[in-house]
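Subject: Structure handover

Hello,

Here is the structure we talked about. Please open it next to this message and follow along.

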Amino acid sequence: LRRLLGAALPVHLPTLYLEGLPALRSWVSSRWPRLPRVLVTSTGWFFNDHFKLLAAKAVERGSKLVIAQHGGAYGLHEVLHTERHERAIADDYWTWGWQEPASPPATARLQPMPSPRLSFPARPEELDLRPERGWLFVLHALPRYPYTFYFCNVPAYHRYTSYLDSREAFLAALRPEALAAMTVRLPPEDFGWEMRARLEGRFPRLRFDDGRRALVRRMRQACLTVIEHPQSSMLEALAADAPGQA
């Protein structure tokens, strides 16, 4: 076990956290000689190591940290550990319009705000879109191999293959004419699940969306949109007033 751990550390532990840390500190200090009084981010605390170090230095000296919601699961899931962490480290937490009767102690103040992702007016050319006869089935994917903090949000991760099986069971239960009228919108990242090949192997005549048009535009044009996951896509469908969202 020790040998395996020793071999894995150089691959999975970024040098940024060891011998690269002085260079990171120097880079951040050279670009922000004066620390910002307020820092606002949605995913910087999660993905951006430069922002993490800048925020840590600034908050230690009295600056305020504001984190904005960046996903559809926030405010929906009963337990979402990324949300719990964000609200624990921030001074203010900007939601996509939702509020709670009282925030737990020692957590960020909730501030309902418009969502840049959901507050989009329809373009003039979209108002006259004629609905297509077909319907849209929007899919979702999680990383195939659990990693990072997000793994905490999926305690039943070992059952994800059952979720994929239930998706195929739904398609198998459709009438042939309904299946023929459907277009599948694959997730932007497949994470190695080979979803298209898996579906084509069982349903060889499926049509797949090419992904060139924005999802919101496609949902507005479809006569029916089916979304089988409570994530951002579902909220986008509601905000866009997409027909028949489910």
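How many bridges join E3 to E4? There are 4, and the two strands run parallel. Please keep in mind throughout that this is a predicted model.

**The sheet**

E3 and E4 belong to an open sheet of 4 strands. The order is E1-E2-E3-E4, with parallel pairing. Strand E1 (38-41) and strand E4 (109-112) are the edge strands. Each has a single partner strand, so one side of each has no neighbour in the sheet. From one strand to the next, the twist averages 20 degrees.

Some of the register can be followed residue by residue. E2 pairs with strand E3 (residues 92-95) over 3 bridges, also in the parallel sense. Ile67 stands opposite Tyr93 in E3. Ala68 has Trp94 in E3 as its bridge partner. Towards E4, Asp92 has Arg109 as its bridge partner.

Two helices are worth a look here. H4 packs on the sheet and touches E1 and E2. The direction of H4 makes about 145 degrees with that of E1. Helix H5 (residues 81-89) has another role in the layout: with E2 and E3, H5 makes a β-α-β unit. That unit is right-handed.

**The cores**

Which residues have the most contacts inside the largest nonpolar core? They are Leu39, Ile67 and Tyr93, in a core of 19 residues. Helix H2 (21-31), helix H4 (49-60) and strand E2 (64-68) each supply at least two of its residues. H4 gives the largest share, 5 residues. Apart from this core lies another, of 12 residues. Among them are Leu139, Leu171, Leu206 and Val226. As background, nonpolar side chains tend to be buried together in soluble globular proteins.

Tyr93 deserves a closer look. Leaving aside neighbours within four places in sequence, Tyr93 is in contact with Ile67, the residue it stands opposite. Other contacts of Tyr93 include Gln69, Tyr74, Trp98, Ala108 and Leu110. Charged residues are on the list as well, among them Glu83, Glu86, Arg87 and Arg109.

**Arg185**

Is Arg185 buried or exposed? Arg185 counts as buried because its relative accessibility is 12%, and the cut-off is under 20%. Arg185 sits in strand E6. Not counting residues up to four places away in sequence, Arg185 touches Leu136, Phe137, Val138 and Leu139, among others. Leu139 is also one of the residues of the 12-residue core. Further contacts of Arg185 include Asp209, Gly211, Arg213 and Arg218.

**The loop after E6**

Now go on to the loop between strand E6 (182-185) and helix H9 (195-202), where Phe191 is found. Phe191 has a phi near 60 degrees, a positive value in a residue other than glycine. Glu194 is in the loop between E6 and H9 too. Glu194 is not a glycine either, yet its phi is positive, at about 55 degrees.

How exposed are these two? Phe191 counts as partly exposed because its relative accessibility is 30%, which falls between the cut-offs of 20% and 50%. Glu194 has a relative accessible area of 51%, over the 50% cut-off, so Glu194 counts as exposed.

**Where to start**

I would begin with Ile67 and Tyr93, which stand opposite each other. Then turn to Arg185 in E6, and finish with Phe191 and Glu194 in the loop that follows.

Best wishes

Methods. Residues numbered from 1 in each chain as written. Predicted model: local features only at pLDDT ≥ 70, side-chain atom pairs only at ≥ 80, totals over all residues. Heavy atoms only, no water. Buried < 20%, exposed > 50% of the residue type's maximum accessible area, 1.4 Å probe, protein only. Core = buried A, V, L, I, M, F, W, Y, C linked by side-chain atoms within 4.5 Å. Contact = heavy atoms within 4.5 Å. Pairing = 2+ DSSP bridges. Axes fitted to C-alpha atoms, helices over the stretch in contact; angles between N-to-C directions. Right-handed = clockwise from strand over helix to strand, strands pointing away.
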